[in-house]
Every structure is written in C-alpha cells, then in structure tokens.
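Let's look at how helices sit against one another. Have the structure open while you read.

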Amino acid sequence: MPVTRDSMMKGFDKRPFLNTLSGFDWLFAALVLAGAGFVFYRYGAVMDVYETIILSGVAPAVIALGWYWKAVRAMLLAVTLLSLAAVWLYGSSLEPAQTSFLLKFLISSQSAIMWMSALFIMATVTYFGALFLRSDYAGRVASALTWSAAAMGLTGIMVRWRETYLTHADYGHIPISNLYEVFILFSVITALIYLYYEGRYQTRALGGFVLLIISAAVGFVLWYTFDRGASGIAPLVPALKSYWMKIHVPANFIGYGAFSLAAMVGVAYLLRARAERVSPQGLFATRLPTLDVLDDVMYKAITLGFGFFTIATVLGALWAAEAWGGYWSWDPKETWALIVLLNYAAWLHMRFSKGWRGRPMAWWAVAGLFVTLFAFLGVNMFLSGLHSYGSL
Amino acid sequence: MNTLARPRRTAGAILLEFLGSMNLAITLLVAVAFSSVIGTILKQNEPYQDYILKFGPFWFEVYKSLGLYDVYSATWFLVIMTFLIVSTSVCVSRNGPRMLRDMRAYREDTAERSLRAFHNTAEWSVAHTPDAVREALMRHLHSYGYRLRVKEHADHTVVGAMKGAANRLGYLGTHIGVVVVCLGALLDGNLPLKFAELTGKVRVETRQLLATEVPAISRLPADNASFRGLVSIPEGATVNYIGLKLRDGFLLQELPFEVQVKDFRIEQYANGQPKSFESDLVIYDKDEPVPQKQTISVNHPWNYKGYVIYMVSFSDGGSKLQLQAWPLAGAAPMQTLQGEVGKSLKLAAADGPRTLELGDFRLYNVKPAPAGADKQFQDIGPSFTFKLRDESGVALEYENYMQPQEHEGREYLVSGVRDNPDAEFTYLRIPADTAGGIGRFMRFRVALLDGQKVQAVVQKIANRQLAASPAQNPRVRQALTALLEKLLARFNTGGFEAVTEYVQQNLPQEQRAEAARFYVELLHQTLRELYDGVSAGEGGSITQADHSRFFDDAVNALGVLRDYGSPWFLQLADFQHIQAASLQVTHAPGKSIVYLGFGLLIMGVFIMFYLPQRRVWAMLRQEGGVTRIVFAGSTNRDSLGFARDFAELRTGLEARLKAL
Ligand code: HEM
C-alpha cells in the first residue's frame, strides 16, 4: 500500500489525548465507574442530593487524576482493595478487630495508621540516607516506603470511616472531623503532593526535607494517640454534620500540604544557595536540584496551595453561611485563612510582577509555613472562636 | 531629549499610577493581613467591663480609641480595605484593556531580532518552498492545539501561534472577583450603621432592658437593608424583633413579620452528646393569608423571602419547677415552692432571708454507665441548678438531681454545692428511703431535735451504761445524761466536727484521745436509738443490715450539713420543661454579589495558574533555493514546563520537515 503524503504527515501530529491512554488507563476508569455505580445502586436511597453531586464529581476527578498522574493508579487500587478487605473482615461489628489477624496487625484503622507512621519515619531516614550516601537505590527504596505509607494512611482513613458506622449507626461520618483525623489527612496529602513532584521533576533529593514535616505530623499523631487517647471515635457535633465538610476540609489540607512542601523546598533552596557560595563541590551544591528547579517547584507548590486554599476558604464561607448564618464572621480561623491567602498573594505578586527570585522569596516561603501553621494549629490552641472542633 | 519633550503628567495621572502600582498592592495585602491579626488575638466585641479588667483604665481607653475592640469596623481598617479595592480596580482598569487586546493579538509583525532574543528558539534551512514549509508547520502547531494567524510581509511570512489566550481572562476574573466580593461584603457590613451612629440617628443601648422598653433611638426599622442578629425565643412565644450585638451594647432590629417557636427538640446520640437541635417555626406575615410553617435545624436554615433564620443553640426558656424545701435546721415543716428558671424567689430562714435564683434545668443527664451494665451510657434523670444568696450578697451554687442516684450499691438524693463557678461541685448524699424519698432521713433529723424523744433515749442509754457500774450515784447519772444531751446538741449544730471541738475545749490533752473515742461511741448509741425509734414505725421488710447502712449514711450526711450551707434541701417534685431556641436572623442582600465574586475569583485563579499563555512564531524567508525558518516561543508562566514543551515541538517539527 502506498504511503500517502497525508498519512505520513499524520504520523508527526500530536496524538489526541484519548489515543494516548493505555489499556490499564481504561481498566482503571472502568473500575472507578463501577465502584461509583455500585455505591449509587447500593446506597443511592439514603444519599441526599449533595452527596449524590459530590460522588458524581469525585468519580471523574479520580479518573482524571489517574490518567494525568499514572503512578497514583496502583496506589488507589491498593487502597481500595485493602479497605474493602477490612470492611469485609469487619462485617457488622467491631469485634473482629481483636480476633482477625489481618485487622489486628495490618488494616484496622489503628493498625494502618501505625504502619503509616512507621513507614513515613523510615522513609524520612532513607531519603536522607540516599542524599548523603548518593545512593539511587536507597532513593528508590525511600520512594517505595513513602508510597506505602501514603497507601496505609489512606487505607486507615477509609477503614476508620467504616468504623465510625460500626461504633454506632448514627455516629457515622467521614473521619476528617477532629485534630487527630486531620493530621493523618495532612500527612497523606503532603506525601502525595511530594510524590507527584518527585515523579514530575525526576529527583528524590527533596524527599527528606518534605518528609521531615510529615514526620513531625506523625510524631504529633503518636503523642496524641498514646498520651491523650485521641484516637477514639466520637460522634459529630451538630454544626459539623454537613456535606460541606467532605469538600471543605480536603481542599484546606491540599492547601496546607502544598504550602508546607513549598516551605521545605525553600529550605532546600537556601541550603543550596549557601552551598554554592561556600562549598560549590559539596553535597548540597551537587546533589540538590538546581536553584531554577527548586524555585520552580516552590512556585508551583504555592500556586497549587493558593488555588485550593482559595476554594477551601470560599467553601468555608458558603458553609458558614449555612451553619452560622453569615458567610463571613471574622472568626479567628476564617481570619487566619484570609491572612494566609493575603500572605501568599503578596508573595505571588512579588515574584510575578516585580520579578523577585532567589533567597528572599525562599525565606518568605519558609516564613509562610509559620503563618500556615498558626492558621492550622495555633488558632485552635491559642484562640477561641466558632471553629470549636479539635482544640488541644 | 525625549524625557524633556514628554508632556508633564497631571496630578490625576500620577495618583492613578500610584493607586495601580504593584508596590502599593503588595503593601496593602500585607497591611490587611497584619491588621486582621489584631482582631484574632484580642477577643472582639466583649463587654467593656472585661476589657477594663484586663488592660486597666488607661490602656482600655487607648485601645478603645484605636477601635481595637471592633477592629473590622474600625475606621482605619475600613480605609485600608477601601484602598485595596480602589487599588485593585485601578489595576484592572489599567491592565484590563491591554490584556483583552493581547488575547487577540498574534504579534505577526514581530521582527526577526526579537524572535532571536527569546529563550526558546530554533533555526533551520530546508530545501522546500515556503508554502510547503508553512503548510507543514501549521499542521504541526495545530495538532498541538495552537491557534494560528499568518501574515505575509514583503519579503517574508510570519506564522503567529497562540495557546491559552484565556489566561488573560484569569487575571480579570481574579481581580474583578476580589473587587466584587469586597463590594458585596460592604453592602452587608455595618458601614451604614456606623454612619447612622456618627450622625446621631441611632444609639447603642447598653442597659439591660426588656424589648418593649428599648427607646426608639436604639431601634432599627424592619426595612433596614442588611442585618444579622440573635434572639432567644421560649417554646410557644412569638417575637417580631432580634438583637444586634454592637460593641458594649445592642440595637433592636424589628422584623417585618412575627416568628413563633412552636416546639424545640434536641436529639441525642447514645452518649448523650447532642446530635441535632430542631425548632418548629411559624411565621405570621401580614402579606400572607395563612401562617407559614417550617422546621429548621443546625445546617438547615429557613430562607423566608430573603430573611434567613438559623438554628444556633438553645437554653432554658423558663421551665416551671415545683420544689419541696425540706428544712435542714430546726423543726419547721416542708414547704412547697413554685419557681421558674431564670427567676428568683425570696425565702425566709432562721438565720436571715435568702434569695433563691433558679439557674437552669436539664431534662437529661447522660453519664457513662457503671461497669458491667449492658449499655455504655445511661440517663440519670433531670437536674436543676440554683443559687442561694444571703443578705450580704454572698451566694452558694447548687446542683440537685431529681431522682435518687446509685452510689456503691445504695441510693442517695444528691446535691452538689460550690462557692465559685470555677470550682468543682462537692456532693451531699442523703440516703433515700425505701420509697426513694427523703422522708425517713427527715424524720430521723427531726427526732434529734425532739426534746421528749431525746430525753427518753438519753435515759435509756444512761441506764444501760450505769447498769454495768456498781455505784448507782445520782450525780454520775446526772453528769452522764447532761453529757449525752450536750454531745447531741453539738452534733446537731455542727456534726462530728463540733463534737471533736468540744473534746478539745473541755478535756486535758492526755485524756483526749480516749475520751473522744468514748464520746463518739456514746453519741453513736444515742443516735442509733433515736433512729431505731423512727424506723420502728415504718414497717415493711427492710433488713437490719439495710437499716445499719442507712443509719451510717444518714449520720454521715447530718455530719456535713454545716458545710452544705443551705437551710433547705430542695427537692424537685415536678416540672414543666420549657426550652428556648436561639435563632439567628439575617438579611444579606449582598450575598449573591459576594458569591458571584467568589465564582470569578476561583475560576480566575485556576485559569491564571493552569492555563498559561504560550506563543510561538515561525518566520519563513526564501533565500536562494532554500527556506530559512526562525522558530521561537515564549510564555508568561511556567517557563520550565514550556521549555520542555518547546523542545518537543521543535524535535517533532524537525522530523516533519525532514520527511517533507
Ligand atoms: C486582594 C487582592 C489580590 C489578589 C487575591 C490577587 C491575586 C493574584 C494572583 C493569584 C495572581 C497570579 C500570580 C501568579 O501567577 O504568580 C495575580 C497576578 C497579578 N496581579 Fe493580583 N491580586 C490582588 C490584587 C492586585 C492588585 C491591587 C494589583 C494591582 C497592582 C494586582 C495586579 C496583578 C498583576 C498585574 C498580575 C499579573 C497578571 C498577569 O500578567 O498574568 N493584583 N494576582
């Protein structure tokens, strides 16, 4: 068959996106749709209209995420299988947590979260080991540990969701309602954002820095669990019984996670910038990504955080309008969310329009972490307001 | 000298330049952030007394004049906000038109020199005609999603390509969104109120008044455009106003309709934590032929003609309590009292009058169930709290449970007492009799004061003691009976503590320990005789062991009555539970504007970040037999990402040109 000019030219065209998808991509999409369909079929009758809308939005969002970021598909499938196994092992009571080997040592929410904690700490050490020993192999191990930790954490959240219903039928709620639960969410989300950039920029040198923050969060979770017994399941106060929580809180934590990541990349930036002056042949100046790349990751993370934090704050305002009777009350938590946004808006303008780059911006990103941290924790610890949940 | 020739700028132009400048924008963003911090650190809109206590009179005045108690309505804060709005608007109006033009401009007039200056460039010479190259090039860029425009110049052709033109809309969306949000919020804020206050049209009411007593100057008419206030409505009651809290006082906002709370309910979880608060509301509106009904709960407000009514919380709405006041001193009979939560009663007692202030009533008290029970939690029944205030104004606070409470297997009537609100309650436990009442305890207590009975028992004990002694000396007998009476009298006024004091006052050190034991033993026998006298008449089938335990508990309770501090034990006999729903009513016409702004803002931000504008040019020039191509690209965001994309474009194009 003669090759026509036209068909030959076609060979150079960019392939339309759908044509680039593999069989696994389609299988993944089919599984997500089947899962969502099953939920509709099984629980549709008890879901209200907002829950229907949320689920209808989540399914395509998960598919899009999996198509865009291939590496996450395997993890999502693993989490699904582990969670389903736990749900199946539990049946209709919490008893099996004591008797079933798998639940007791692996996938009851408590065990999964303990695994997550251990894996994150191991990953932190391994990432730094990889950096200092200049070992690619150790780096790959660290990545695998981080992926596993995120999977266990997410499994812990999913299983705990089921456990709230098993504790008492009307206690059931998505487990992102108190400080203990959101710290786990924070660890998982920050790790996932990091893993995305790791794949995207093909560098594992930043892992230790970012995981340091996650390890701190894990330390807090452990202290909170063992010292304060915070892992118990309690029902929601009336104000939190709202579908808004399901979207407001995750959006917030994408913001917190991205800002934390930006700050840690800022730290890496400062280390490399210093190393380039002081010891250009040293570890930091040679092993860390170049300043341009660090600057780019920092900027990307801040834009991601800014976008989602804006959504979260707006969702918070919509929720407040429904629960407290006003979209804005200058409640300390609200106000600090605004402060965080204004701070990063100033950062973005400085960078974009004044063209500032380099160390001042990195310092500012690091300082931003403290503003963010105060909005996240300080407000609960030191200030009182309408956001009464999760006081320490 | 170009600069000299330039016309002098007017003051207005300079001002506009300043207002739209990035420096001002960044300064304002940081300034708003900093001033917002103040309002979160200093609790806003507390009663002024609290601030005076906290800061002292001098700093109180300083902070007050800075408006720190209501930062977000302080003039200086509003000025900063206004600047931010103005600055953003000026920014949009200056940049907007340029950006809109930019969206449609392909810049096909760009010079070769400028193309070469870009970061991302490539050059080729190929042995094809410009037309063939142009066709291949356009096809290539098109397949990568670029929109194209071709311009033929005298000696060359430029293909201008662009992707993500909408990025510019992102800028507009974000910044217009910010302005729109601020304007909408301004409409709902209390700026008009502040103005009315400044011009003396309204005055904040700082006294505690009934709604009907509030003077006209502190009332806002029903047609007030925007407000947000609270009202607490007892079940069954109807109101047509709400209160707006403002600094150290309030304003009364009239409503264009009347709201009635028909019923208020709390649903509880198994552990007694509230699960939902619900109110059945009725609105009586002159414009509606029939009353409008709806049930609201937390997170499920009622939007009635733009007035939104929210379930906020609840309190007691004046439950009616029937109380039995059992005297704890003297032999007066029990009195029945009718009280109402939130109101007070004057009562006379032997040691001066008291005011009984009924504080709260709780229908349910869910506590963890004792170990071994088949459920985790149990409701231990209604309770109420009250204060007893004496003439000098000193008050003790009490918490009494209606039903007997189990403690170590026995039943008690329980009352907690404390002398300040931060302290824990200490509990008085009076043993409950077979019927679960206080009757037997009270009969026992009265028997201790009954001269005749006491005489008889004292003689009986004396007989018993002296029967064992050989000498029947009447003086010894007299001394013994006198001692017994004394001990009992001491016990009646101050329990065992008073008996111990008596021992310490009247006996030498070396005899005390032994004497005390003997006295207590004597007193114990006396009390027990009296108790047996009381319980003998009761009949029933109570075991001796039960009696002994009851007796011990009763003596213990009597022993601490002095510390209990109340002349009565108040027992709740009956009640009518009336709750009050706290509702918030808002009228916020700016809300839809604010939401529109939110939408613009979010869309704008995401477009701006994730839809970068990318431009590519190709300049084709025929030189001899070959076509020379200058290829270049630029972007306004994500230059690293674009560098990658450009490399891909370039490689693909190269391959395509080779294959041509
Ligand atoms: C509360 C106020 C504001 C917010 C939340 C805000 C937000 C943003 C954001 C998120 C960006 C994107 C930055 C980036 O991609 O790195 C941006 C860009 C920009 N902002 Fe603002 N901004 C605000 C006020 C202002 C003001 C007052 C000005 C006027 C001086 C201004 C001028 C600009 C300009 C010129 C850009 C670049 C747009 C472009 O060329 O694509 N902004 N703004």
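How are helix 9 of chain A and helix 11 of chain A oriented to each other? Keep in mind that this is a predicted model. Their axes are 8 Å apart and make an angle of about 55 degrees. An angle like that is neither roughly parallel nor roughly perpendicular, so helix 9 of chain A and helix 11 of chain A are oblique to each other. Their crossing is right-handed. On the helix 9 side, the contact includes A:L185, A:F186, A:I189 and A:I193, while helix 11 brings in, among others, A:P250, A:F253 and A:G257. Sorted by type, the residues of this contact are 14 nonpolar, three polar and no charged.

Look at the spacing of those names along the chain. An α-helix has 3.6 residues a turn, so residues three or four places apart point the same way.

Now for helix 13 of chain A, with two partners. Here are the packed pairs side by side:

| Helix pair | Angle between axes | Axis distance |
|---|---|---|
| Helix 9 and helix 11, both chain A | about 55 degrees | 8 Å |
| Helix 13 of chain A and helix 16 of chain B | about 165 degrees | 10 Å |
| Helix 13 and helix 14, both chain A | roughly 145 degrees | within 10 Å |

Take the partner in chain B to begin with. Helix 13 of chain A and helix 16 of chain B are roughly antiparallel to each other, because their angle is over 145 degrees. They pass in a left-handed crossing. Among the residues touching here are A:F308, A:I311 and A:V314 from helix 13, plus B:F598, B:I602 and B:F606 from helix 16. The tally for this contact is 17 nonpolar, three polar and one charged.

The crossing of helix 13 with helix 14 of chain A is left-handed. A:D295, A:M298 and A:F309 are among the helix 13 residues involved, and A:E334, A:W347 and A:R351 are among those of helix 14. This contact holds 13 nonpolar, three polar and three charged residues.

Finally, hop over to helix 5 of chain B. Its 30 residues, 75–104, reach 43 Å from first C-alpha to last, close to the expected 44 Å. Where does helix 5 of chain B kink? The kink, about 35 degrees, lies at B:G96, shortly before the proline B:P97.

Technical notes
Residues numbered from 1 in each chain as written. Chains lettered and ligands numbered in written order. Predicted model: local features only at pLDDT ≥ 70, side-chain atom pairs only at ≥ 80, totals over all residues. Heavy atoms only, no water. Helix = DSSP H or I, 4+ residues; strand = E, 2+ residues; numbered from the N terminus. Expected span 1.5 Å × (residues − 1). Bend = angle between axes of the 7 residues up to and from the residue. Axes fitted to C-alpha atoms, helices over the stretch in contact; angles between N-to-C directions. Parallel < 35°, antiparallel > 145°, perpendicular 65-115°, else oblique. Left-handed = near helix turned anticlockwise from the far one by under 90°. Contact = heavy atoms within 4.5 Å. Nonpolar A, V, L, I, M, F, W, Y, C, P; charged D, E, K, R; others polar.
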